[in-house]
Amino acid sequence: MESTLVNWEALDALVIEFAKSENLIEDWFASSSPSSSPSSPSLSSSSYHSRLIIRQIRRSLEVGEVDAAIDLLRAHAPFVLDDYRLLFRLQKQKFIELLRRGTIEDRDSAINCLRTSLAPCALDAYPEAYEEFKHVLLAFIYDKDDQTSPVANEWSERRRLEIAGLLSTVLRAHLHAYDPVFSMSLRYLISIHKGFCFLQGMLSPISDLTERLLLEECDPPAAPKESSYEAPPFDEVDIQALAHAVELTRQGAVDSLRFAKGDLFQAFQNELCRMKLDVPMLDELVHEYCVYRGIVDSGIASSSGLQTLSKPVKVDQPVLGYCSSRDFSLEVDSSASKNSDADSSVTNAQTVGSPEKNADVTSKQGNDVELRYACEPTSSHEDCSTSGSHQPENLRVQQRSRIGGGERSKRKRWRGRDDDDVGYTHSVSFNESTKQELSTSIANVSRAHQGPERHSVLDTNNGEDKFEIVLGMKELASKGMAAEVVEEVNALDPNFFVQNPVLLFQLKQVEFLKLVSSGDYSSALRVACSHLGPLASTDPALLKPLKETLLALLQPNEDAIGKGLPLHALATSLQVAIGERLGIEEPQLMKIIRTTLHSHNEWFKLQRCKDRFESLLRIDSLKEVNPPLLATIVTPKSNTDRFSNVSSQVTSSGSRMSEDGSSPGQASSRDVVCDENAILKVMEFLALPRADAIHLLAQYNGNAEIVIQQIFA
């Protein structure tokens, strides 16, 4: 089965928004992608500030500094201290922490805390509070190391994590300090993917990533106030939607809606943010993706915040034995060609200064390179000869800078997360093997595989040049410069399109359509006869898209054709294929998104309903890949082979599931139409997932009463 198509431009926008809201990148330049639409600076900075405060409070509680946490609450969220339920738990934890220190002074302070703070709170907190107050007094008698004592749970350091998580849940909801949309979407997609794999009885192809990224434990839920218990009953549709979206019991979903005062989407966000992500691993995945997509500079491979700009491109060397009429040449300021290594070192050293200075340095580097679309040589060193007798190995490496040189100056700089910012995965460490694995992946992206020197760009030992080649090809393809892309790729690897004929067909489609839109019909037909026809004759699957492409001759409308060309999708496919050829691995985040989106599609086929939360999380935008002209073309063979290991396991239910997503048991009764009220009734009374409720109703002709009677009979 084909792999799920993903709108990578939409993912770019989500990732950039996440990186900006978490202060992971320094956006000194104008955005390099029109699809990037971050939220307003005031809202973003306010939310980031609130999240930082929550993390500081959490970290204080996790290390036993209750007074510090109370001071922060008093300064930034005094409403929490007005809730006696929360205040009682804070004061009880403070009492335990004072005793834990073991000094006489701290013991006296603990007694004073009992008299002045804990006892008064116990009278007004909640009905069980006074019993808990009397129980915690046993901590005077039983030592903290006594694991068999009746107060062993009170002494446990896990209590710190519980109250820290509870306070975080409450503060997020009241301050509306929710995690960025990308972070919540990732939690949701992985959660659904796990549920789908469990339901189908299959092993997840990305379990090595998802098990480490999305942690099993969650923050405790916030309990609604007593006054909320008299709220009118909620719509059963909302209750069931929330319960099955975030794996809650029905009562848990009701309590969550009460806490959110009936707001389904706020309750959903509250529950999603309770799920814990391994933040350092998430940052590594985002960094790897940003480098691969050209969002941040590939020369910045450090995630610790120490970055340096890459050296200026040296273009005063002779060009390798290849030159065509479409080749670009480089004009470089004479000072650039005379820069010594020492000058480059000084330039790099300057990048640790202010943003203004760094922007100026990068701007100068960008201005040193003038891009020209010409064939004539720009210096005595350049030659269009094919003899190769005086040409260096890095053929297209130098020419690649003419593609990406201007764009590179617009890339953002990876700042990384400050150590103080990482505060909500205290109980789980990002182990060294995970760090090493992801660091290796980033190294493969930003530096590729280094090897012995040979007379081919494919074997160049400069990984960053390889990376710039890939980004340059992607940039050309995204601008619709198909003829140039084909020419560059053939010069890079003459066998590439032999192994990837569908990519060549797609590029020639773009070339054909652009020629038609410009009115050059003879050249367009020449492209069709020379390339599209022969390719379609060798692959019958290409005949249908060939016919649809030729229809463009009947409606040579430039705007319509432009909208029909999925240039960004084609550019990404080309980037992945060429990157693989050069030894640059696909980012792990792309694998996660592609696989989890497929699971999301299949899951809601089983549910026979639309996901009510996909618009909120912008999951629908990730699926908006509906180009009218190229959608029918299958994924290139090289990509299909690679994706088959990912998608085939998830869709291996091909033996288990029919094309519309129904299981064998459902297939025989898929014509049975179940009433929505009947589905909800069975789900509510039997506490069943939606798919199971539908399956039972289909067996009994959609009659909910008969289903319930049969179960309880």
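This briefing looks at the cysteines and the aromatic rings of the structure above. Keep in mind that the model is predicted. A search of the whole structure finds eight aromatic pairs, while the disulfide count comes to zero.

**Cysteines**

- There are zero disulfides here, and C121 shows how this looks for one residue: the nearest cysteine sulfur belongs to C113 and is 8.9 Å away.
- A disulfide needs two cysteine sulfur atoms within 2.5 Å, so C121 is in no disulfide.
- C121 has 6% relative accessibility, so this cysteine counts as buried.
- C529, in contrast, counts as exposed because its relative accessibility is 61%.

**Aromatic pair F265 and F613**

- Among the eight aromatic pairs is the one formed by F265 and F613, with 5.9 Å from centre to centre and 85° between the planes, an edge-to-face arrangement.
- F265 sits in helix α13 (residues 264-274), whereas F613 belongs to the loop between α28 (588-607) and α29 (619-622), so their pair ties together parts that lie 348 residues apart in sequence.
- The two partners are a nice contrast to look up in the 3D view: F265 is partly exposed at 35% relative accessibility, and F613 is buried at 2%.

**Aromatic pair F496 and F497**

- The ring centres of F496 and F497 are 5.2 Å apart and the planes meet at 75°, so this pair is edge-to-face.
- Both rings belong to buried residues: F496 has a relative accessible area of 3%, and F497 has 6% relative accessibility.

**A ring cluster**

- F265 and F613 turn up again in a cluster with Y188 and F268, linked by ring pairs.

Terms used. Residues numbered from 1 in each chain as written. Predicted model: local features only at pLDDT ≥ 70, side-chain atom pairs only at ≥ 80, totals over all residues. Heavy atoms only, no water. Buried < 20%, exposed > 50% of the residue type's maximum accessible area, 1.4 Å probe, protein only. Phe/Tyr/Trp six-rings, centres within 6.5 Å; stacked < 30°, edge-to-face > 60°. Helix = DSSP H or I, 4+ residues; strand = E, 2+ residues; numbered from the N terminus.
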